[in-house]
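The following exercises concern a predicted model. Please study the sequence and the structure before reading each worked solution.

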Amino acid sequence: MPEFAVWAPLPKMVRLDVDGRLHEMTAGDDGWWRADVDCAPDARYGFVLDDDPAVLPDPRSARQPDGVHERSQRWDTSAVQWSDQQWRGRSIEGAVIYELHTGTFTTEGTFDAATEKLDYLVDLGVDFVELMPVNAFNGTHGWGYDGVLWYAVHEPYGGPDGLVRLVEACHTRGLGVLIDAVFNHFGPSGNYLPKFGPYLSSVSNPWGEGVNLAGPDADEVRRYIIECALRWMRDFHVDGLRLDAVHALVDNTAIHLLEELAIETDALSAVLGRPLSLIAESDLNDPRLITPRDRGGYGLTAQWDDDIHHAIHTAVSGERQGYYADFGSMATLATTLQNGYFHAGTYSSFRNRRHGRPLDTSLIPATRLMAYTSDHDQVGNRALGDRPSQNLDYGQLAIKAALALGSPYTAMLFMGEEWGSCRPFQFFSSHPEPELAIATAEGRKAEFADHGWDADDVPDPQDPQTFLRSKLDWDELAAGEHARLLEFYRGLIALRGTEPDMADPWLTHLVVDYDEDERWIAMRRGAIAIACNLGEQQVHVPVSGDVVLAWGEPEVGAHGTKLPGHSVVVTRAGQVR
C-alpha cells in the first residue's frame, strides 16, 4: 500500500485527497504528515490544508498532467524499465556541452522530437546535452526559470516518461545529460509551498521570492533542494546539474548549501559508479566555488564564466554598452583567456566597485571554467533576442568559435550557433493571469535601460509569435555559409578530441600573444597554434606550421602567416613569437 507524505508544519490539519476522496493524515513531531492509502499507480491526488477546500498539488510531485494548479499524479520511479545499464558516465571537464531549450529546439518542442536530433549532435561531436529547466512551471511554454514544482517534469515537453526516453536515447549514443536546476527562487504563479511550510526567506532577488536557507526550519527546506537535485541524477539518470544564479542563494550558515550539495553529489556518484557534475552559474568570479573542499572550497565541478564570453564578444563585435564597458580591447581578451577571470579583485565600472578574486591557475585547471560565445542569457536577454549571427559576418562567427573551442576551457555551444542560426531566441512566457502577463512585459522593457536599447522594440513575451519566432529553422543547415560554418565547428570540436596538446588543462602552459593596433590574437597550446585576425585588413601574424583548419585564405610561410580580415588559421607545430 503506497505511503503519501508531506512536510507541512504550518497547518493544524492536513488531509489527503485521492481521486476525489478525502483521507485523514497523521502528523509527526517533525512536521511531516503521512497516510497509507490503497490506490491506482496513476491516481490523481493532492492535499487539503485546514478548512480550505482547495486541493493543492504535492510539493514533491513528479507529474502535473493538468498544470501546476491542479492535482498531482502518482509516478513510480522504481517502475521505469531502464535500458542504459551500460552507461558509465563521463566527466564534463574538457568536454563540449550543447545547451538547448526543449520547446524551441524542434518544431514540436518535445523530448521525443529532440531525440530525433541526437544523431546530428553526435556527428557534430559534442559530449553533453544541457537542457534548460524542465521542471513544472505555469503555462504551456516559457524559459522554465519560473518553476514552482521543482520535482515535476513539465508536461507539454512529455512529462517524466518523455524525459526518461530522452536520457536513455542520449546515453545509448554516448551523450551525457545535464539539467538546468533553479533553486534560488520560485516562480510567480502556482507556488503553494508557503501554505505548507516556511519555504521562503525575507530576502528576495530580482527574479522572485527567495528561499529560506538559513532561517528557522531551514533544515527541511535545504533537504527539499538537495533531495530534488539528487533525484534528477539518481531517478532520471542525468549526469549533472547546471545550478542557476548561485550568487542569489543567500546562505550564511557555516556549511553553505552548495558545499553540502557537492558532498552529497559526490557520495551519490560513488554509489552509482559514474561521474556526476555540478556546474554553477555565478556572478561573483569567486574561485572558491570550484576549489577542492580540502583546500577550503565548495568542491563544485565547474562554473560558467561570463568574463570569457564578454571578452570574446566585445573584441569581435565592438559592443561596449552596459556590463560590456570594461571589455573590448585585445589586452582584455588576452588577460581573460590567460587567467580565467578578467575581474579578479579589480575595479568594475558597471558595478562601481572592485569585483572578483584571482584564480590560482596552478591549482585550478581551466576545465573547471566554461567558455562560450552564446548562451540563453546572452542572446535571450538582449532586447530583440538577436544572435551574434544576426549582427556579425561569418568570419567573425568563426573567430568567436575558434577562441572558445580552441581554448583550454570546457566549452559550451548554444543551440543553432554552430551553423549561424538566423532565428532569434527571445524571452517568451505564457502566464494565464492577465495581470502577471502585463507585469512580465513591462518588467522586460525596464531591464534594458542600461544597455541603451529602445524599450519599444522589446517583443511582448506573451505574444505566441515571440515563442514561435524563437524555434530553430533546421532547413538552414545545408544552405551556403551555414553549412560551411557548421563544418568549421565540427573541425574545431574534432581537434579537441584528437590533438593531445588540446587536452592540456593548465593555463600556465597557455601562451597568448596579440597586437592591439593590428587586432590579431594567437594562442599556442603545445604544437597547436590558433591565430585570429579580428580586424578588417590583412595582417602578418608570427604563426607558422602545417595548416590544420582555416577560415579565409591564409598565406602561411616559414616566418609567419598573412591572415585576411576576419579570418582564422589553426596550425600544427606552429609557433607564436
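**Exercise 1. State which domains the assignment gives for the chain, and describe the contact between them.**

Step 1. The domain assignment divides out domain 1, residues 96-497, and domain 2, residues 510-572. Between the C-alpha centres of domain 1 and domain 2 the distance is 31 Å.

Step 2. Next, the residues in contact are counted. Domain 1 contributes 28 residues to the contact, and domain 2 contributes 24 residues.

Step 3. The size of an interface is often expressed as the accessible area that is lost when the parts come together. Here, about 2,200 Å² is buried between domain 1 and domain 2, and carbon and sulfur atoms give 74% of this area.

Step 4. Three residues stand out on the side of domain 1. M330, I399 and F488 supply 27% of the area that domain 1 buries against domain 2, which is more than any other three residues supply.

**Exercise 2. Determine which helices of domain 1 supply at least two residues each to the side that touches domain 2, and characterise that side.**

Step 1. Begin with the polar pairs. Between domain 1 and domain 2 there are zero salt bridges, whereas seven residue pairs are in polar contact.

Step 2. The helices that each supply at least two residues to the side of domain 1 touching domain 2 are α8 (306-317), α9 (330-339), α11 (394-405) and α14 (480-498).

Step 3. The residues on this side of domain 1 are then sorted by character: 17 are nonpolar, eight are polar and three are charged.

**Exercise 3. Give the strand order of the open sheet of four strands, and explain why β3 and β7 each have one side without a neighbour.**

Step 1. Strands of a sheet pair through backbone hydrogen bonds, in either a parallel or an antiparallel sense. In this open sheet the order is β3-β2-β6-β7, and the pairing is antiparallel.

Step 2. The edges are occupied by β3 (21-24) and β7 (72-73); each has a single partner strand, so one side of each is left without a neighbour in the sheet.

Step 3. Now examine the pairs. Strand β2 (residues 14-18) is joined to strand β6 (residues 44-49) by five bridges in the antiparallel sense, and D17 has G46 of β6 as its bridge partner. Four bridges, likewise antiparallel, connect β2 and β3, with V18 opposite R21 in β3.

Step 4. Finally, consider the turn. β2 and β3 form a hairpin with two residues between them, and D19 in that turn has a positive phi of about 50°.

**Exercise 4. Find how many salt bridges the whole structure contains, and locate the one between E227 and R60.**

Step 1. A search of the whole structure yields 27 salt bridges. Side chains of opposite charge can pair when their charged atoms come close.

Step 2. In the salt bridge between the side chains of E227 and R60, the N to O distance is 2.5 Å. E227 belongs to helix α6 (residues 218-235) and R60 to the loop between β6 and β7, so this pair links distant parts of the chain, 167 residues apart.

**Exercise 5. Identify where D217 and H237 lie, and state the phi of each.**

Step 1. D217 is found in the loop between α5 (193-196) and α6. Although D217 is not a glycine, its phi is positive, about 65°.

Step 2. H237 is found in the loop between α6 and β13 (240-243). Its phi is near 65°, again a positive value in a residue other than glycine.

Conventions. Residues are numbered from 1 along each chain as its sequence is written. This is a predicted model: local features need pLDDT of at least 70, side-chain atom pairs count only at pLDDT 80 or more; totals for chains, interfaces and linings use all residues. Side-chain values use heavy atoms; hydrogens and water are left out. Domain bounds come from an automatic or database domain assignment. Contact means heavy atoms within 4.5 Å. Buried area is the accessible area (1.4 Å probe) that two parts lose on being put together, summed over both. A salt bridge is a side-chain nitrogen of Lys or Arg within 4 Å of a carboxyl oxygen of Asp or Glu. A polar contact is a pair of N or O atoms within 3.5 Å; within protein, one must be able to donate a hydrogen and the other to accept it, and residues adjacent in sequence count only if both atoms are side-chain atoms. Ala, Val, Leu, Ile, Met, Phe, Trp, Tyr, Cys and Pro count as nonpolar, Asp, Glu, Lys and Arg as charged, and the others, Gly among them, as polar. Two strands pair if DSSP finds at least two bridges between them.
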